[in-house]
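Good morning, and thank you for making time for this presentation. I would like to take you through one structure, beginning with its cysteines and ending with its overall form.

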Amino acid sequence: MEKKVMIRLCAKIVAETDLYETDKEVQNLIDWVCLSEQIKENNNTIRNLTGEYKKIEPDCREGVRAQLKRMKELCKERNNLYEKQNDLKGQKWKIEKSLER
């Protein structure tokens, strides 16, 4: 519930005021909230992909090629998300540093 309220508040500020464009701190705070939410969502997706991978793994050991192919796809998708997470965390870190000033 709390995260939905934060996202709605950010959306309302962006939609109904010019604070996002005129106040750098407001922009950084809104960007921080949005990036944090995206990181949480990506972490949930990574956990789900890893869970699916672990369910498939035993059958793959028995030589099921289709499941092995899906495992490779899952790993590739997870790795892409990890790279995206690192980029998002870098952006978030930059925002946090600018907020400290």
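**Cysteines without a bond**

The sulfur of C10 lies 5.2 Å from the closest cysteine sulfur, that of C34, which is too far for a bond. Please keep in mind that this is a predicted model. In general terms, a disulfide is a covalent bond between the sulfur atoms of two cysteines. The cut-off for such a pair is 2.5 Å between the sulfur atoms, and a search of the whole structure finds zero disulfides.

Is C10 buried or exposed? C10 counts as buried, at 7% relative accessibility. C10 also belongs to a nonpolar core of five residues, whose members include Y20, V26 and I30. This is a second core, separate from the largest one, to which I now turn.

Which residues make up the largest nonpolar core? There are six of them: I46, L49, I56, M71, L74 and L81. The elements that contribute two or more residues to this core are α3 and α4. Consider L74 in particular. Leaving aside residues up to four places away in sequence, L74 touches L49, E52, Y53 and I56. Two of these names, L49 and I56, are fellow members of the core, while E52 will return in a moment.

Let us move to the charged side chains. How many salt bridges does the model contain? The count comes to four, and I shall describe three pairs.

The pair K12 and E16 forms a salt bridge in which the closest N and O atoms are 3.2 Å apart. Both residues sit in helix α1, which spans residues 2-16, and because they are four residues apart there, about one helical turn separates them. E16 is exposed, with a relative accessible area of 57%.

The next pair is R70 and E52, with 3.4 Å between the closest N and O atoms. This salt bridge links distant parts of the chain: R70 lies in helix α4, residues 65-100, and E52 in helix α3, residues 24-61, with their positions 18 residues apart. Both partners count as partly exposed, R70 at a relative accessible area of 28% and E52 at 31%.

R70 also meets E73 in a salt bridge, at 3.6 Å from N to O. Here the two residues are both in helix α4, three residues apart, or about one turn of the helix. E73 is partly exposed as well, with a relative accessible area of 37%. Through shared partners, these salt bridges join E52, R70 and E73 into one network.

Finally, the chain as a whole. It has four helices and zero strands. The radius of gyration is 19 Å, well over the 13 Å that the globule rule gives for 101 residues, so the chain is more spread out than a compact globule. Along the principal axes, the C-alpha atoms fill a box of roughly 60 × 25 × 15 Å.

Of the 101 residues, 24% count as buried. The accessible surface comes to about 7,800 Å², and carbon and sulfur atoms account for 52% of it. As for contacts with a separation of 6 or more, 60% are between residues 24 or more positions apart.

Thank you for your attention.

Definitions and conventions
Residues are numbered from 1 along each chain as its sequence is written. This is a predicted model: local features need pLDDT of at least 70, side-chain atom pairs count only at pLDDT 80 or more; totals for chains, interfaces and linings use all residues. Side-chain values use heavy atoms; hydrogens and water are left out. Buried means under 20% relative accessible area, exposed over 50%, partly exposed in between (1.4 Å probe, protein chains only). A nonpolar core is a set of buried Ala, Val, Leu, Ile, Met, Phe, Trp, Tyr and Cys residues joined through side-chain atoms within 4.5 Å. Contact means heavy atoms within 4.5 Å. The radius of gyration is taken over C-alpha atoms; the globule rule is 2.2 Å times the number of residues to the power 0.38. Accessible areas come from the Shrake-Rupley method with a 1.4 Å probe; for residues, only the protein chains shown count as cover.
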